[in-house]
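Biologist: I'd like to go through this one label by label. For each, tell me the value and the cut-off that earns it.

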Amino acid sequence: MRKMMLFALIFLVTKELTAQKKSHNLFPHDTTRFTHADTLRGSITPARAWWDVTFYDLHVKISPADSSISGYNAITYLVKGKAPAHADGYGRAGGAEMQIDLMTPLVVDSMVQEGRHLRYRRDGNAFFARLTAPQATGSRQKITVYYHGKPRVAKHPPWDGGFIWTRDSLGNLWIATACQGAGASIWWPNKDTQADEPDSQRIAITVADTLVDVSNGRLRKRTLHPDGTMTYEWFVDNPINNYDVAVNAGKYVHFSDIYPGEQGPLTLDYYVLPYHLRQAERQFQQAKSMLKCFEYWFGPYPWYKDGYKLVEAPHLGMEHQSCVAYGNHFENGYLGHDLSHTGWGLKWDFIIVHESAHEWFGNSITTKDLADMWVHESFANYAESLYTECLFGKKAGEAYCIGTRQNVQNDKPIVGHYGVNEEGSGDMYYKGGNMLLAIREIIGNDQKFRALLHGLTRTFRHQTVTGKQIEDYISTKSGIDFSKVFQQYLTTTQIPEFNYYIRGNRLHYRWQNVIPGFNMPLDVTLSAGKFSLIHPATSWQTTSLRLDANKQFKVDQNFYVTVHEGK
């Protein structure tokens, strides 16, 4: 369960600490508490490994009268290698077996390939189709999964995944989805792993013709049906991770703008409830300064083909690709509160800034395994500091980041267990952001740091990655081995302690409460008014000081460490 005592408001409502809602221990190799279902969901099983999805053609009809949905997903895929064979019922090896995920209580009605209905078996939330057509390596195939049922209802969206059935303040239906962490198969059949994304996707959503559906990508067409429903066909012209695929159906009005971005005109489309139009027209202006800041620090917005959208949602918010869900009540801060406790967080809209940062880190660069979600959230958290810096200067950005340390719990490691669909600690936000602040300080050159961020988003653009790839890239391109820094902050709950004492004009210092071999440099004042990098180890070291008084000695606050004076 989440910890709600010290920061009750934050933990009650914030998506940022959802990882804390499960009970975890701190032993990274203990997987005994995970189940067969966890492995099916979180790993690349043999029935997943042999095929690579290239296109999803998703069609869903929404029926609010009984909170049900029905439809199909036509999955086009590339055969990468030999598939595991299933038994044909007579003890002989049959055709290929393919894992497709769909969570209870939803039901598969049929699976069809090349006009032939397939047999399949269910194993919890995974279905295993028994293919009969040849699956030649290098060929492209298609399987269509028809399904229906009442999807799981999200009781506290967006922190628990599912469908959201509600009404706006005028009594109009308002329907949405949010399923990060829980999984996209909570409402549509797919290969439910972050490791495999389609090259593009169609999303066709049918709702009552009194509603507007807003999903990802570009609206291609609307089709009115005799039964009083309307199908909205959206098309995503880029790879998309499956938890980003979204339904937002409401009595929306639309307004738009253009941002002159690094790759030309970028369309900005906004969908809000009619009685919030004036507030939205004012508040959503922040999207332009956000885009300007993030294009400066991260490089071009990743989805020019699909545009940028903000959509009012009946929940706080989510980074749905090219279709960011917004529920921050058109006010600055985080529901009117400052997560940094400094005042800087009240000068901009948290949801616009944080969720949009995920367009670069989370959506364009997506981790293969949920255990590496720090890549999404640590960078998005530090993006908040960068945006503060863009508006108010570097010192303000640093103060914002340092202020968020009050939210760190150090309850468990940031990196979760691999292969079982487990996030690590919610400290991936605040602690992870502060780790990146320290890395920037160690690099010591803002242009080099900015070039590193641009290189990350360019090198891994529209790709799925491991956390190790990101760590290695930062170390290689910076020319500094940060491996022990990543290990310390991501895989332990230990905050490094800088232990020092001064004798005469000599500084004696070492690291404590650290992993073996921890070698993070640290900025300290060896002379008055100036920080210099020293390189502590776990054994005592000394260097000379040029200070008029011992009290002039300081440790740079941009490093997330504790400081203890005394031998």
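Modeller: Ground rule for anything I place by element: a helix is a DSSP run of H or I with at least four residues, a strand is an E run of at least two, and both are numbered from the N terminus. And remember that this is a predicted model.

Biologist: Fair enough. How many helices and strands does that give?

Modeller: The protein comes out with 12 helices and 29 strands.

Biologist: How do you know that the radius of gyration agrees with a compact globule?

Modeller: The rule is 2.2 Å times the number of residues to the power 0.38. For 567 residues that puts a compact globule near 24 Å, and the protein has 25 Å, so the two agree. The C-alpha trace spans about 85 × 65 × 45 Å along its principal axes. Buried residues make up 60% of the 567. As for contacts between residues at least 6 apart in sequence, 68% join residues at least 24 apart.

Biologist: Let's do single residues. Where does Asp237 sit, and why is it called partly exposed?

Modeller: Asp237 is in the loop between β15 (229–236) and β16 (248–250). Partly exposed covers the range between the 20% and 50% cut-offs. Asp237 has 36% relative accessibility, so partly exposed it is.

Biologist: What makes Asp199 a contact of Asp237?

Modeller: Contact means heavy atoms within 4.5 Å. Setting aside neighbours within four places in sequence, Asp237 has such contacts with Asp199, Ser200, Lys305 and Asp306. Thr206 is 31 residues from Asp237 in sequence, and their C-alpha atoms are 21 Å apart.

Biologist: Why is Ile414 called buried?

Modeller: Buried needs under 20% relative accessible area; Ile414 has 1%, so the label holds. The residue lies in the loop between α8 (394–403) and α9. Beyond its neighbours within four places, it is in contact with Ala371, Trp374, Gly424, Ser425, Asp427, Met428, Lys431, Gly432, Tyr489 and Leu490. From the C-alpha of Ile414 to that of Gly426, 12 residues along the chain, the separation is 7.0 Å.

Biologist: Tyr489 and Leu490 belong to α12 (residues 483–491). Which other residues of α12 are buried?

Modeller: Val485, Phe486 and Gln488 join those two on the buried list. The buried residues of α12 pack against α7 (374–392), α9 (430–443) and α11 (467–478).

Biologist: Arg41 is an arginine, yet you list it as buried. What makes that label stick?

Modeller: Its relative accessible area is 17%, and the cut-off is under 20%, so Arg41 counts as buried. The residue belongs to helix α2 (residues 36–42). Leaving out residues up to four places away, it touches Arg48, Met103, Gly181, Ala182, Gly183, Asp192 and Asn421.

Biologist: Now the helix pair. Why are α5 and α7 called roughly perpendicular?

Modeller: The axes of α5 (residues 286–298) and α7 come within 10 Å and cross at roughly 105°. Roughly perpendicular covers 65 to 115 degrees, so α5 and α7 qualify.

Biologist: Which residues of α5 and α7 meet?

Modeller: On the α5 side, Gln286, Ser289, Met290, Cys293, Phe294, Trp297 and Phe298; on the α7 side, Ala383, Leu386, Tyr387, Glu389, Cys390 and Leu391. The contact divides into 10 nonpolar, 2 polar and 1 charged. Tyr and Cys go into the nonpolar class here, while Glu counts as charged.

Biologist: Backbone next. What is phi of Phe330 near, and what makes this residue buried?

Modeller: Phi of Phe330 is near 55°, a positive value in a residue other than glycine. Its relative accessible area is 7%, against a cut-off of under 20%, so Phe330 is buried. It lies in the loop between β21 (324–326) and α6 (350–357).

Biologist: Why is Asn513 called partly exposed?

Modeller: Exposed needs over 50%; Asn513 has 40%, so it counts as partly exposed. Phi of Asn513 is near 60°, again positive, and the residue is in the loop between β25 (506–512) and β26 (522–527).

Biologist: Last one: which peptide bonds ending in Pro105 and Pro158 are cis?

Modeller: Thr104 to Pro105 is cis with omega near 10°, and Pro157 to Pro158 is cis with omega about 0°. Pro105 lies in the loop between β4 (93–101) and β5 (107–113); Pro158 is in the loop between β9 (140–149) and β10 (162–167).

Conventions
Residues numbered from 1 in each chain as written. Predicted model: local features only at pLDDT ≥ 70, side-chain atom pairs only at ≥ 80, totals over all residues. Heavy atoms only, no water. Buried < 20%, exposed > 50% of the residue type's maximum accessible area, 1.4 Å probe, protein only. Axes fitted to C-alpha atoms, helices over the stretch in contact; angles between N-to-C directions. Parallel < 35°, antiparallel > 145°, perpendicular 65-115°, else oblique.
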